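User: Hey, got a minute to walk me through this model? I'd like to start with one of the helices.

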Amino acid sequence: KETEEVFKVKKSSYSKKIVKQLKKEYKEDLEKSKVRTEVNSPTDVEPPLEKTGQIKDIGQEDGTANSEHGEEEMEVESEKEEEKPKAGGAFSSALSSLNVLRPGEIPDAAFIHAARKKRQMARELGDFTPVDSEPGKSRLVREDENDASDDEDDDEKRRIVFTVKEKSQRQKIAEEIGIEGSDDEALVAGEQDEELSRWEQEQIRKGINIPQACIYQPAEVNNLYYQNTYQTLSYGSSYGIPYTYAAYGSSETKSQKTDNTVPFKTPSNEMTPVTIDLVKKQLKDRLDSMKELHKANRQQYEKHQQSREDSTKAIERLEGSSGGIGEQYKFLQEMRGYVQDLLECFSEKVPLINELESAMHQLYKQRASRLVQRRQDDIKDESSEFSSHSNKALMAPNLESFGRDRVIYQEQVKRRTAEREARRTRRRQAREQTGKMADHLEGLSSDDEETSTDITNFNMERDRILKESSKVFEDVLESFYSIDCIKSQFEAWRSKYFASYKDAYIGLCLPKLFNPLIRLQLLIWTPLEGKCRDFETMLWFESLLFYGCEEQEQVKDDADISLLPTIVERVVLPKLAVISENIWDPFSTTQTSRMVAIVQKLVDGYPSVVNAENKNTQMLLKALLLRMRRTLDDDVFMPLYPKNILENKNSGPYLFFQRQFWSSVKLLGNFLQWYGILSNKTLQELSIDGLLNRYILMAFQNSEYGEDSIKKAQSVIACFPKQWFTNLKGDKTISQLENFCRYLVHLADTIYRNSIGCSDVEKRNAREHIKQIIKLLASIRALDHAVTVANDHNVKELKILIEGK
């Protein structure tokens with residue numbers, strides 16, 4: 001509004017100098033806007049302005065229109081006359097070519113100016129006349145031709161918008177200062193002002209969309225000219241737009257545009273005036289934020305530096321301590337591969353070892369079963385031979401008692417009898433050669449001799465199994481079946497990396513690892529044979545004897561210390577259990593003695609293994625008891641004959657009776673050899689209840705009462721362990737021997753009665769026999785029975801007899 005008030009002055013108040021100055025300002029503004037457009041605007045947007053020469057022409061035309069002002073009119077006239085010849089031809093040619101412009105062809109500057117003049121003339125007349133209606137009549141044609149000839153090159157590059165615009169602000173100002181609106185030159189100036197205003201709006205719009213556009217500073221002349229107007233206003237505050245473009249017109253001027261143009265919309269928010277304090281504050285805030293950021297970055301840098309130093313130290317420390325770890329890793333990887341290969345080898349070979357072990361056990365079992373069966377058949381044959389004739393008469397003529405053919409049965413009996421007598425003859429001859437004939441009693445021999453055929457077959461089968469066992473590992477490297485090689489591998493692991501060795505529980509795994517190899521070496525090991533080698537002298541035992549016993553201090557709870565005891569527990573005890581149940585013959589004193597010796601050795605040498613809580617030990621003891629009970633049930637037989645038959649000491653029944661009695665006594669002694677291994681309760685149940693009271697006492701009652709019975713009683717009492725009677729308190733023996741003690745008392749009474757009426761020698765012998773019976777009763781701690789016998793028969797040497805027991 002203030003700008004309009006400045007220009008609302010009468011025409012006469014403006015001098016010619018002001019008009020000239022105004023034209024000069026227009027030219028300078030146009031030149032600067034052209035430079036600014038070329039620098040800042042994109043290539044596709046060009047200012048729709050003419051060159052400076054055109055503005056100059058407009059100024060000349062304005063001067064001509066005001067010819068009453070003297071000197072300025074003369075200067076303008078002279079300039080017009082110089083440019084007329086040039087403009088005429090170009091403008092006329094442009095008008096003539098308006099109708100011949102092809103579609104898509106770019107018009108030149110002359111064509112553009114001609115079209116513009118023609119459009120302006122149409123607006124003045126109120127309608128749009130054709131472009132070629134009046135070519136060459138107007139003075140504007142000549143002046144535009146001059147402009148076209150000067151700016152032809154630049155106009156070809158400029159984009160022209162052909163639109164109808166209302167009078168611009170500068171046209172209105174020109175009219176106010178005395179320039180006629182109907183003048184052609186005034187029209188050109190107004191049109192240029194309109195193009196400038198539209199270009200300014202486009203640049204302002206670009207400035208808003210592109211903040212980094214170069215800031216244009218108005219000329220000093222314009223600032224001087226408008227300083228009176230803007231003295232009371234903050235620069236750009238009344239326009240609502242960036243202060244850079246505030247010098248190009250007011251909002252009121254922009255509101256006067258026609259509807260054909262798009263007015264520029266300023267932002268709704270008003271910008272804060274830029275002052276030095278504001279700039280300083282912003283710079284200070286920015287400096288503070290940068291300092292804080294720098295401080296944070298500095299702390300982060302120091303943190304990273306510290307982390308880097310720590311990482312460097314850790315790397316150095318790990319590099320210094322990782323030398324052995326690499327070697328350990330390599331060693332453990334090699335051990336891992338070796339153990340995997342070893343286990344794969346054993347998984348293939350262990351079934352073969354199990355088959356060979358089972359075959360060997362079966363071979364020994366068959367031999368033992370054959371001997372037991374032969375002894376049972378001999379007992380049956382002799383029992384049938386010496387049975388009563390009445391029983392034989394009741395049998396069918398052609399069948400024996402079990403329904404078999406008598407002829408075949410008799411042939412088998414004859415064959416077995418011949419073989420039995422032959423064996424007895426060979427044993428008798430052997431005793432005669434050794435001088436043991438006088439001390440021998442029939443029935444004490446085991447009768448375990450084998451025929452040459454049986455021995456040959458047994459040896460052939462055993463050799464075959466041994467040959468097969470030698471081929472088990474023939475396709476395997478020595479390091480995978482040799483105990484020494486395997487042991488050396490684990491010894492190296494133990495000596496180098498004991499921590500990992502212990503963490504891997506190798507000490508607990510080694511017994512199971514060596515188990516197949518040891519069982520293969522123990523394949524023919526049978527402690528029942530005289531030539532059997534002691535397992536502690538075998539190669540596997542000597543190889544593993546000092547494993548884990550280095551010179552260094554022993555580690556607590558080291559499993560390698562118990563390596564051999566564990567192997568004995570897991571290998572030797574199960575094998576002994578199989579031998580006890582299937583191969584051991586309790587009637588054989590030799591086998592029993594050897595079996596007791598090996599078990600006693602394990603009890604004494606491996607007390608941590610052979611104990612009641614050990615599962616394998618319990619299996620061994622159960623196998624022993626099972627075999628002993630089976631012997632009592634199947635192999636013990638005591639015949640019963642009338643006394644008149646037994647009176648003939650050379651008869652067959654008497655010899656058979658004596659043989660069975662002494663075999664039972666021998667079995668009693670074999671059972672009682674397990675004292676200290678089996679419990680007293682178990683032994684007393686087997687030996688006294690199962691054998692003495694059930695079979696031997698029966699034989700005592702059928703025997704004649706005399707010296708022979710006392711001798712037999714002494715043999716029975718000699719089998720009893722003395723420890724049974726050492727700790728007894730009172731005058732009574734153990735309860736299981738009460739029947740045997742009563743028999744001895746009855747034997748003393750019978751001897752005494754038989755001596756009545758006999759000679760003194762016989763009486764003296766009978767008295768000596770009674771004293772022997774008292775000693776026998778005292779030896780088993782049956783003092784009450786001994787006192788009874790002494791009192792009944794007036795034996796005064798009781799104290800001497802008891803103390804000399």
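User: How far apart are the end C-alpha atoms of helix α21 (residues 563–582)?
Analyst: They are 28 Å apart, which agrees with the 28 Å that its 20 residues should span at 1.5 Å a residue. The expected span is 1.5 Å times one less than the number of residues. Helices are DSSP runs (H or I, at least four residues), numbered from the N terminus.
Analyst: Before we go on, this is a predicted model, where local features need pLDDT of at least 70, side-chain atom pairs count only at pLDDT 80 or more, and totals for chains, interfaces and linings use all residues. Residues are numbered from 1 along each chain as its sequence is written, and side-chain values use heavy atoms, with hydrogens and water left out.

User: Where is the kink in α21 centred?
Analyst: On E569, with an angle of about 30°. The bend at a residue is the angle between axes fitted to the seven residues ending there and the seven starting there.

User: And how many of α21's 20 residues are buried?
Analyst: 14 of them, so α21 is mostly covered. Buried means under 20% relative accessible area, exposed over 50%, and partly exposed in between (1.4 Å probe, protein chains only).

User: Switching to cysteines: how many disulfides does the count come to?
Analyst: Zero, taking a disulfide as a pair of cysteine sulfur atoms within 2.5 Å.

User: Is C741 buried or exposed?
Analyst: C741 counts as buried because its relative accessibility is 0%. C485, at 23%, counts as partly exposed.

User: Now pockets. What volume does the second largest one have?
Analyst: About 610 Å³. Of the 21 residues lining that pocket, R367, D448, E450, E529 and Q591 are the closest to its centre. On a 1 Å grid over the protein atoms alone, a pocket is an open set of points where a 1.4 Å probe fits, with protein on both sides within 12 Å along at least five of seven lines, and lining residues have an atom within 4 Å of a point. Grid points are joined across faces, edges and corners, and the volume is the space filled by probe spheres set on them.

User: Which helices each supply at least two residues of that lining?
Analyst: α13 (323–385), α16 (452–470) and α22 (589–605) do.

User: Back to α22, then. What about V603?
Analyst: V603 sits in helix α22 and is partly exposed at 25% relative accessibility. Its C-alpha atom is 8.0 Å from that of I677, 74 residues apart along the chain.

User: Last one: what is the phi of Y505?
Analyst: Positive, about 55°, although Y505 is not a glycine. Most residues other than glycine have a negative phi. Y505 lies in the loop between α18 (498–503) and α19 (506–521), and counts as exposed at 54% relative accessibility.
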